[in-house]
Amino acid sequence: MSFELEAHLAERDVSVAIEVAEGETVAVLGPNGSGKSTMLAVAAGLLRPDSGWARLGDRVLFDLGGPGRDHDRGRGRWLPPHARGIALLAQEALLFPHLSVLDNVAFGSRSRGRSRSESAAHARVWLEQVDAVELAGRRPAELSGGQAQRIAVARALAADPALLLLDEPMAALDVSVAPALRRMLRGVLAGRSAVIVTHDVLDAFTLADRVVVLDAGRVVDSGPTAAVLERPRTPFAAGLTGVNLITGTARGGRVLTADGRRVDARFTEPVTDGTAAGVSVRPAAVAVTLEEPPASCRLPGRVTDVEPRGDTVRVRAGTLAADLSPRAAAELDLAPGATVWFSFAADDATAYPL
Ligand SMILES: Nc1ncnc2c1ncn2[C@@H]1O[C@H](COP(=O)(O)OP(=O)(O)OP(=O)(O)O)[C@@H](O)[C@H]1O
């Protein structure tokens, strides 16, 4: 079902909105404290905002009024968590420790009055979906973190939620088990309306149709995953994908930075002179020289960091980064504080309106 939410919380300085189309998975990304968990808690009914509203399908989940809202319908409505048709999956699996895996997954169905055998049969179907049938008889204490999270997914899905909320489901797991869980989630999220909070850009690329980027309690970017992450509008989004973001103003088919540098790049779409524009360029496409190069895209910088990364060396100067071969880095003999030039070919840089 489609989902729409708007929430304003003065005490937390959070004011956010999100839309999820029917069958779509939206990833919510943002630095610590940007409001991701707050947004999920409001959607799940665990936290009441000062104002805002939400609907799931054609049902109003809450309507506490707010800016631009027609207050005559459903005013003051606040459905409790269990009446929303929403399942929230937390970082930790939070299984009932005294119940077997099967009974954990069957719990919701049992508490809705279905028979024991019917609930168990239903639970087995969901255990199959998460590839964990063989764990049915175990207690939560006998599961690994990854296994417990699979069971939590089965339990959440067994309630047949119209919307699934996932709060960093991979965060508490060992990196070695995350890929298998990510694959499983990709299967169960297909065609389902879901919101996933994550710090991991790989989750966004693998699982989400669209992303919403939060910063300091506001939505600062949203759109199709590849467009938002490959053409970032914020330093945070650029940092997630590891691309350089250079911002400025469009002028005569180029981008003019605030300190007067001209950057040539391929524009993805026509832009009007004078409007804000961004340029993204991968660190691997950036060269570093000591002398000012003839390249048309060149920016001066003072080295802040030189970091070996396997077969490349990342050289940073403030927000600019370049990946050099170890040999090139050694020849330049770079150290923090050195003054250098970063340059790249216009063909390697993408410019877009901000
Ligand atoms: N229980 C609380 N009481 C008051 N303010 C809170 C509470 N929890 C969070 N906040 C504040 O609300 C804002 C949003 O926090 P929130 O936890 O939603 O961010 P987040 O993006 O989920 O962060 P993280 O990535 O660290 O989990 C922050 O300013 C935070 O300090």
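These legends go with four close-up views of a predicted model.

**View 1. The residues around the ligand.** Here's who lines up around the ligand: R12, V14, G30, N32, G33, S34, G35, K36, S37 and T38. Sorted by class, that shell has seven polar residues, two charged ones and one nonpolar one. Helix α1 chips in three residues, the most given to the shell.

**View 2. Helix α1 and what follows.** This helix covers residues 36-44. Its buried residues are K36, T38, M39, L40, V42 and A43. K36 and T38 also turn up in the shell around the ligand. Look just past the end of α1 and you'll find G45, which has a positive phi of about 90°.

**View 3. Strand β7 and its partner β8.** Side chains in a regular strand alternate between the two faces of the sheet. In β7 (residues 86-89), I86 and L88 point one way, while A87 and L89 point the other way. Whichever way they point, all four are buried. β7 pairs with strand β8 (residues 163-167) in the parallel sense, over four bridges. To pick out one of these pairings, start at L89 and go across to L166 in β8, its bridge partner.

**View 4. Helices α2 and α3 packed together.** Helix α2 runs over residues 101-111 and helix α3 over residues 116-129. How far apart are their axes, and at what angle do the two helices pack? The axes are 8 Å apart and the angle is about 120°, so α2 and α3 are oblique to each other. As for handedness, α2 passes α3 in a right-handed crossing.

Terms used:
Residues are numbered from 1 along each chain as its sequence is written. This is a predicted model: local features need pLDDT of at least 70, side-chain atom pairs count only at pLDDT 80 or more; totals for chains, interfaces and linings use all residues. A residue is buried if 20 or more other C-beta atoms lie within 10 Å of its own, exposed if 12 or fewer, and partly exposed in between; C-beta atoms are placed from the backbone. A residue is near a molecule or strand if its C-beta atom, placed from the backbone, lies within 6 Å of it. Ala, Val, Leu, Ile, Met, Phe, Trp, Tyr, Cys and Pro count as nonpolar, Asp, Glu, Lys and Arg as charged, and the others, Gly among them, as polar. Two strands pair if DSSP finds at least two bridges between them. Axes are lines fitted to C-alpha atoms, for helices over the stretch in contact, and angles run from 0 to 180 degrees between N-to-C directions. Angles under 35 degrees count as roughly parallel, over 145 as roughly antiparallel, 65 to 115 as roughly perpendicular and the rest as oblique. A crossing is left-handed if the near helix is turned anticlockwise from the far one by less than a right angle, and right-handed if clockwise.
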